[in-house]
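This report describes the enclosed spaces inside one protein chain and the residues around them. Please look at the sequence and the model before reading on.

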Amino acid sequence: MQKTTTTMPTPAAGTAEAAAAADSGVASTSTLIMAASAAASLAHSSNKGSERGDFSGDSSGPAQQQQPQNKKDGETEEETTISSKQPEQPMAIHYMASFHEICVVTALLPLVTLFTCFVTAYVFQYDDVHETHCRVYNIVPSISAITGVSPQRYFWRFSIALHIGPRIPIAFVYKNYYRSQLARLAPSLVPKTSWLITLILVLNCIEVAALGGVTYISNRENYPVHERIFITFMICSLCYMLATIKLNSILNARQTLTVQQRQSIKWKKILFVASILSTIGLLVFFAKHRFYCHDLAFSWFAFFEYLIAISNMLFHFTIIWDFPSQFMLIVQGPPETLKKYLAAKPKLN
């Protein structure tokens, strides 16, 4: 059996054709691999670009043109994403009440309470409410007398507490209401009128504080303090009425008024005159009672005291004509949004 032997050429003994063929095969294989890799990379990039909605490529291509238009200068992509995830907080109204109804209840509360105290004290505690230091004949008890006995004392104090609560916000509502009308005045009148508005606010607040003082410090507990607070209440009340009438005459000069505005100004003047006349009568009969102890002098003093109180309550009751259709709101919302809304609210001319 003949043995056949195959001899493989060594690298040193290989021919040039074999080496060229090998190099050509390797180059072809490398070229195919690189082309396949480039195609796969391009397809992968195209798929990712289509999923994101943009394309990466030339800086002047669609990728740059389709960037978000609302992105602010200097704002990073992360900040834009965070701001887009935080929508603006909406405004919410938690409470809305008719300002007209609030004013009606506030003004009528002490009037109804005073009438109730007078009737119950006159019927059930006649001797207690007619007692005076002169011990003369008396038929009309004073306000201090009917609100100084029990249980009328607690009923009256509770009523005044409910009455005083809305009075302070109402005083500031009036201030803003008057200031909104300064634009209709001549520039030379604005400083004087603005000062008058501030004076009205101060007088109104002092009057409210004095009302609380005469209510919670009775004449039986501390007569000297009660008397001084009552005098303060009287002075501030009359000055407040006069200043309010003067202010309305300035603001409404050469203006066309509505029926409600004319009613308000008319009754303010009538009630102010009634308060002035009642104050004069009160002082006259107070002197007769205190220094001369005349019969029925204290009854006349008490009568004029009731007229002053009722005139004061009705004067404040004219607010129903000043604010006939307004509402009181408690609103929740971003402070920036509320400030923008208040800055853009319509002004009264």
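A cavity is a set of grid points where a 1.4 Å probe fits but cannot get out, and its lining residues have an atom within 4 Å of a point. The structure is a predicted model, and three cavities of 30 Å³ or more are counted in it.

**The chain as a whole**

The protein chain has 349 residues, of which 34% are buried. Its elements are 13 helices and two strands. Among contacts with a separation of 6 or more, 78% join residues that are 24 or more positions apart. The accessible surface is about 22500 Å², and carbon and sulfur atoms hold 64% of that area.

**Confidence**

The mean pLDDT of the protein chain is 78, with 73% of the residues at 70 or more. Among the elements, helix H1 (residues 16-52) has the lowest mean pLDDT, 44, while H8 has the highest, 95. Over residues 1-68 the pLDDT stays under 50, and the model gives this stretch 10 contacts beyond four places in sequence.

**The two largest cavities**

| Cavity | Volume | Nonpolar lining residues | Polar lining residues | Charged lining residues |
|---|---|---|---|---|
| Largest | about 550 Å³ | 21 | 14 | four |
| Second largest | about 80 Å³ | four | five | two |

The largest cavity is lined by 39 residues. Nearest its centre lie Trp-156, Leu-211, Phe-233, Asn-312 and Met-313. Which helices each supply at least two residues of this lining? They are helix H4 (99-124), helix H6 (143-146), helix H7 (152-179), helix H8 (190-216), helix H9 (223-251) and helix H11 (297-317). H8, one of these contributors, is also the element with the highest mean pLDDT.

The second largest cavity has a lining that includes Tyr-177 and Tyr-178, together with Gln-181. Asn-248, Leu-251 and Asn-252 also belong to this lining, as do Gln-261, Ser-264, Ile-265, Lys-268 and Asp-322. H7, H9 and helix H10 (259-292) each supply at least two of the lining residues. The largest share, four residues, comes from H10.

H7 and H9 therefore appear in both accounts: each supplies at least two residues to the lining of the largest cavity and at least two to that of the second largest, where helices are runs numbered from the N terminus.

Conventions
Residues numbered from 1 in each chain as written. Predicted model: local features only at pLDDT ≥ 70, side-chain atom pairs only at ≥ 80, totals over all residues. Heavy atoms only, no water. 1 Å grid on protein atoms, 1.4 Å probe; cavity = no way out; pocket = protein on both sides within 12 Å on 5 of 7 lines; lining within 4 Å. Points joined across faces, edges and corners; volume = space filled by probe spheres on them. Nonpolar A, V, L, I, M, F, W, Y, C, P; charged D, E, K, R; others polar. pLDDT = per-residue confidence, 0-100. Contact = heavy atoms within 4.5 Å. Buried < 20%, exposed > 50% of the residue type's maximum accessible area, 1.4 Å probe, protein only. Areas by Shrake-Rupley, 256 points an atom, 1.4 Å probe, with all protein chains shown as cover.
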